[in-house]
Amino acid sequence: MCGIAGIFGPNDEQMLKRMGDSIAHRGPDGEGRFVSSDAERPWGMVHRRLAVIDREGGQQPFVTEDERFVVCYNGEIYNFRELRAELENAGRQFRTKCDTEVAAQAFAEWGEGALDRFNGMFALAIYDAAEHALYLARDHFGIKPLYFAEIGKDVACAPRVVFGSEIKAILSSGLVEPAPDDVTLYRYLRFRVHEEGDRTFFAGIGKVRPGELVVVRHRGIERRSFTTLREDLLSGTRKPYHELAADEFRILLTSAICSRLVSEVPVGSALSGGLDSSTVVVTVSQLMSQQARDAESVGQTQNSFSAVFPGAVNDEERYVDIVTEQCPGPVSVHKVLPNPDQFLTDLRDFVRTQEEPVISTGPYAQYKVMEEASKYVTVMLDGQGADEMMAGYLPYYFVYLRQLRRQRQWSTLAREMLGARDVLAKYGLERLWTKTRRRQAVDSCSVLASEFTRQHQSQSFRPVEDNLRARLVEDIFHNSLPSLLRYEDRNTMRFSLEGRVPFLNHRLLRYLFSLDDEALVKEGWNKRVLRDAVRGRLPKEITDRRNKIGFTTPERDWFLRIKNHVHEVFRSERFGSRPYFDQAAVLRAFEGFIAGRNTDTMLFWRLLNVELWMQEYIDEKPQQKSQCEESGVKEILAPNPGKEIGITTPAGRVMRYPVSTGVFENGDDLPGLTALYVQQFVAAATGPDSPVPLKQPWFLAISEKAVAITQGRSYCLWEIKPGRAARLLSKRVSRTPAGIGLGMPETMQLAISEAGLPRILAATVVGGVGKAIGRKGWFYRVAGKNVRAIDGPTQYSLPPSNVSAKLAPKAPEKVAADIASHLRATLPAETVAAFQGVAIIDANDLGCDVLGQSTELPDACIAEMFRDNPLGQGRQCTPLAMVIKPSTTAGDHATGYPADSGPHRFEAGTTERARDAKAQEVQS
């Protein structure tokens, strides 16, 4: 297993190195590059190797003896031994033992026809020097990925193409600018489909389709299938299903599993507890007990790896234990327990790993399994693909029933429905339970931006509904399986593992489709041929299981646990600025989920996944941060971004030093914590070289948010139940750019609860009159300071402030006095000598209110000092400020202002500006 990348056209060593480095996780065991020396026909390839077979002699890119063909190859050809013997009989000579050389020699001998002879998984690039042609090909099922982008023409008007095993390699070339493909995004968000066709989520970057050959020549690009597998599956006659067919199927499957054990490194197995993976684990155990030659790679004990969720409805630990306990050989069972806290920690890496959005959080369970497996093995087998081959999902059964109805096979239809009465009854009861509890699914169209929906209204998704074979073929090559294979590839390669999928053997599939429908479905039992093939070899609890689960997560429980984080993303400014989402509708729907009115976590995951994917791959990355910013710590004497330390007010020149704190929580000892943070500031700012004049008059300003939070007056939005009046009145309020104020039902409900509905109605009437005559601020003059101080969630705040609303603090005058008393009792005497008191302020970019204070300064004077909102009440986490009156000899070190010539004490000032400061701020 490896990673490949390259360019057909002008390139250089550094470009290829960047591309190889971006996929180094795919091949940690070696790197190789080949750059053409032909200046008129430039091209190059890079290879990252995960050494599994012929570890000593399998280096790539591989060049044939005559130097005509250069091969860059990713995958395994399981019938390479047979092909090698055939090629040697044809006169071909080999210098290595690896399947890479078999691929190269086969192409040299048989040309494009070699590809259909390969039984395995592969993505390969072959350059033909004689024809100056690049061949890109992908195996019959598309197990291994291969992407490419045409980036214009070179000077000779030949196509310039860049390709890679992952999209990261293409982006790393610097030749393709990442941009979203809106059609793919719409189909994913609207219909839950992805990995269909040859488009990707990246505009201009496509993929080689399963079983396809892409030929790049000077005259252009050609695309064609190298196999007739799909057509063959849907044509021809069907043999009646009988008991011998199950035996033949078992022999073919056992052979496929055995060939996938060929390895020079340890091999393990993924075990979900379902029929497919259990079949693989038990078959491997039997091969070990029979001392099969190729089973030596497993070792003395088979390693199995499972994800379990104790207590969850989708936990399969019981089935995992049943399977491993009844294996004929020893099994070392490794279990991982993914949880929502780990999920949040891994989320960014998981999104980066997958490269494109995924359908649910289910692939994360596989991600954790592969992380654990990488500690023990290098190759992993699992049961991927069996469901699409043998109608393993419940929707396939309904397709089959509709097929019988279309064919008017009434007796067979009746027999099937009778045989599946338990499955159908359970399905019907679940639907009824959902409806009676009013847990309706959210219409995906309702949460998308109307213009985005209008632009793509012609898009549709109509899978085959009444032809089982056609539906299976569609899902194997187009709809379902391609996405599962992408998850498999990314999750294994993220941890430098090779994933192998024994069921995806085109010989096995051809045999399966040569049998009639009863091999797939009979009397409500799907995968009939597989069940019959392993009956007696697997425990009855496995062969007779009806409930299909697989590697998945308890997604609803997880989303309830991480609701704060998800809500933060949905409420963020970036999410709201996307052209894809109706942010208000998304928030309403998600709050409905929290309240239990819907359970559509898959929709919320798609919305979340798109946003995180945009942030990871599409958004412009921020400039390099300083070490201080990276650590999240503000330099002790630095202002917050965009603000200044010094300001000139009618009271004279003052310095406002933001004080860094931790995150305040309900029940915190605010006086004690405040004293601690001020002590830390004083200690850091004390010294002969310190520019902070701590011996000059000073007071402490505290954001009302910190006080309200410690008093328990902060509420998550879903805890607030807005009434009808709150919903109506909030519509009359204009939201500020920062999202504060009463412009949302939740904050308006807090205002009604705080001041009473009559007062809020009166304030609304007065405010309306004021607007009519051009006077602002009348609403809050009537509603009062406490209502003005109510805050809604702001995207820039730290959790949980970003998803909560806050009332004004209780008894702010008393709080200010208590904190001042505590500071006087704990600070150094020389610092206390100049201390003037504490002010609790409500400052924002529109102005400042003083809610309570213990200084001798008028409120208007303090409000003037904070008119530019220098506190960092969001992610800067600086809700406190040391406000200092500098001496006549000390200049402003932070801004370069000259020294103040005023007296060495705070003064209120007597100018009209100072007297009317409060009124001006209220009007603003």
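These notes cover a helix, a buried tyrosine and two surface patches in a predicted model.

1. Helix H2 spans residues 80-89, and its buried residues are Phe80, Leu83, Arg84 and Leu87. These four cover an arc of only 100° around the axis, which places them on the same side of H2. An α-helix has 3.6 residues a turn, so residues three or four places apart point the same way.

2. What does the other face of H2 carry, the one turned away from the buried side? Glu82 and Asn89 are found there, and these residues are exposed.

3. Tyrosine 364 belongs to helix H11, which runs over residues 362-373. Is tyrosine 364 buried or exposed? Its relative accessibility is 0%, and buried means under 20%, so tyrosine 364 counts as buried. Phenylalanine 350 is 14 residues away from tyrosine 364 along the chain, and the C-alpha atoms of the two are separated by 7.2 Å.

4. A positive patch on the surface is made up of Arg588, Arg597, Lys721, Arg727 and Lys731. One of these residues, Lys721, sits in the loop that links strand S23 (714-716) to helix H30 (724-730). Lysine 721 has a relative accessible area of 60% and is therefore exposed, since the term applies over 50%.

5. The surface also has a nonpolar patch of about 280 Å², to which Val765, Val769 and Ile773 contribute. Isoleucine 773 is in the loop between helix H32 (757-772) and helix H33 (778-783). With a relative accessibility of 55%, isoleucine 773 counts as exposed.

Definitions and conventions
Residues numbered from 1 in each chain as written. Predicted model: local features only at pLDDT ≥ 70, side-chain atom pairs only at ≥ 80, totals over all residues. Heavy atoms only, no water. Patch = residues over 30% accessible without salt bridge, like charges linked within 9 Å, V, L, I, M, F, W, Y side chains within 5 Å. Areas by Shrake-Rupley, 256 points an atom, 1.4 Å probe, with all protein chains shown as cover. Salt bridge = Lys/Arg side-chain N within 4 Å of Asp/Glu carboxyl O. Lys, Arg positive; Asp, Glu negative; His and termini not counted. Charge placed at Lys NZ, Arg CZ, Asp CG, Glu CD. Helix = DSSP H or I, 4+ residues; strand = E, 2+ residues; numbered from the N terminus. Buried < 20%, exposed > 50% of the residue type's maximum accessible area, 1.4 Å probe, protein only. Arc of directions from axis to C-beta.
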